[in-house]
Amino acid sequence: MLRQALFAASLLACSTGICEPGETVSDPPPDDARPLFAAPTERDRVGRIVAPVMINGQGPFNLLVDTGANSTTVSGALARRLGLAYSADSQIIVNGVTGRALMPAASIDRLQAGALVLTNQRVPVIESNVMANADGILGVAALTDKQLIVDFRYNRVTLGYSQKLPPYFITVKAKRLPSGLLVAPAMVGRVRALAVIDTGAERTLGNRSLQTALKKAGRPITDVTVFGTTLDVSTGDLSAVQTIRMGEVRINNTHVAFGDFHVFDIWDLDDRPAIILGMDVIGRVDIFAIDFRRMEIGFRS
């Protein structure tokens, strides 16, 4: 069979090995509920969302907006450009899609994306091809009272305070895992599954429990090699899935890479059918939104 390479950037990072969800922005919402952050976006070379971010007063730098990551990271090249000190003496445990590793940590005084300001951040420094041409990852999965909207029609990403989505959105109710990650019910073929919206993933990934439940999914089209934020590499089976449904949203003819991916174990999703919806699926809609406080996911086609 043929072999393909896939990239998935999602990660959990912590210094103690125990990661808990937490809001890094505590500013009260303004009276007029203006967005914290609204900026033009673009796609990286594998189709993921990239937004401009200022770090320590320099930039803007291009960071991947990752709804499956609870931590922001910077690339080694950017850390060196900013003169950030990092070494193996100060490390953070990073759990990525494909594995777990200790990564050197750097301290950032100020990270700014529009009105969204994070201060005194300790972030892992990642030397990985998974970021392609980006300078780092802007992890937003740990936000608890914000709303992210990505408009692919006008290439615009907005991060604001939680509020009811306009009526033209098709909304799906989600729930929050202990890690802080939001998951939503989905039907993959005829199998009930939990779905994660992951803008850091190039392609859609499924766990072995889902693959086993999809007994009529057919033979794999090809082998795939999946690269994550750590140096670990996973292999999987790429198969065609006829339909994926979330509420009234229906996605047809999707290729899903099935494998024993480390991230499903970290999220405690390895023993039940689960799927990570990557940019190959998310990018098919005109607009998508995640409201972290209301625990809702919205789509508009």
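M295 is partly exposed in this predicted model, with a relative accessible area of 25%. The residue sits in the loop that runs between β23 (287-291) and β24 (296-300). Its backbone deserves a friendly second look: M295 has a positive phi of about 55°, although M295 is not a glycine. The residues on either side of M295 in the numbering, R294 and E296, are joined by a salt bridge. The closest N and O atoms of that pair are 3.5 Å apart. R294 counts as partly exposed at 26% relative accessibility, whereas E296 is buried, with a relative accessible area of 14%. Elsewhere, R208, D237 and D260 are joined into one network by salt bridges that share partners.

A positive phi turns up at N253 as well, again about 55° and again in a residue that is not a glycine. N253 belongs to strand β21, which covers residues 249-258. With a relative accessible area of 60%, N253 is exposed. M295, by contrast, is found in a loop and is partly exposed. Another backbone feature worth a stop on the tour is the peptide bond that joins G59 and P60, which is cis, with omega at about 10°. P60 has its place in strand β6 (residues 58-66).

The wider setting for these details is a protein chain with 4 helices and 24 strands. Of its 301 residues, 56% count as buried. Among the contacts in the chain with a separation of 6 or more, 69% are between residues 24 or more positions apart. The accessible surface of the chain comes to about 13200 Å², and carbon and sulfur atoms account for 47% of that surface.

Charge pairing can be followed further along the chain. Side chains of opposite charge can pair when their charged atoms come close. The structure holds 6 salt bridges, and the pair R294 and E296 is one of the salt bridges described here. Another links K146 with D145, where the closest N and O atoms are 2.3 Å apart. K146 is buried, its relative accessible area being 0%; D145, at 25% relative accessibility, counts as partly exposed. D151 and R153 also form a salt bridge, with 2.9 Å between their closest N and O atoms. In this pair the acidic partner, D151, counts as buried at 11% relative accessibility, while R153 is partly exposed, with a relative accessible area of 39%.

Next in the numbering after R153 comes Y154, which lies in the loop between β12 (146-151) and β13 (156-161). Y154 is exposed, and its relative accessible area is 61%. A C-alpha to C-alpha distance of 9.5 Å separates Y154 from I287 in space, although the two are 133 residues apart in sequence. I287 takes the reader back to β23 (287-291), the strand that comes before the loop holding M295.

A loop residue with another kind of setting is T98, found between β8 (91-96) and β9 (100-113). T98 is buried, with a relative accessible area of 9%. Which residues are in contact with T98, once its neighbours within four places in sequence are left aside? The list consists of V226, F227, G228, T230, D232, V233, S234 and H262. One of these partners, H262, carries the number at which helix α3 (residues 262-266) begins.

Helix α3 (residues 262-266) also contains D265, and this residue leads to the charged surface. D265, D268, D270 and D271 form a negative surface patch. D265 itself is partly exposed, with a relative accessible area of 45%. That value fits its membership of the patch, because patches are made of residues with over 30% relative accessible area and no salt bridge.

Taken together, the loop residues offer a range of settings: T98 is buried, M295 is partly exposed and Y154 is exposed.

Definitions and conventions. Residues are numbered from 1 along each chain as its sequence is written. This is a predicted model: local features need pLDDT of at least 70, side-chain atom pairs count only at pLDDT 80 or more; totals for chains, interfaces and linings use all residues. Side-chain values use heavy atoms; hydrogens and water are left out. Patches are made of residues with over 30% relative accessible area and no salt bridge: like charges are joined within 9 Å, nonpolar side chains (Val, Leu, Ile, Met, Phe, Trp, Tyr) within 5 Å. Accessible areas come from the Shrake-Rupley method with a 1.4 Å probe; for residues, only the protein chains shown count as cover. A salt bridge is a side-chain nitrogen of Lys or Arg within 4 Å of a carboxyl oxygen of Asp or Glu. Lys and Arg count as positive and Asp and Glu as negative; His and the chain ends are not counted. The place of a charge is taken as NZ of Lys, CZ of Arg, CG of Asp or CD of Glu. Helices (H or I, at least four residues) and strands (E, at least two) are DSSP runs, numbered from the N terminus. Buried means under 20% relative accessible area, exposed over 50%, partly exposed in between (1.4 Å probe, protein chains only). Contact means heavy atoms within 4.5 Å.
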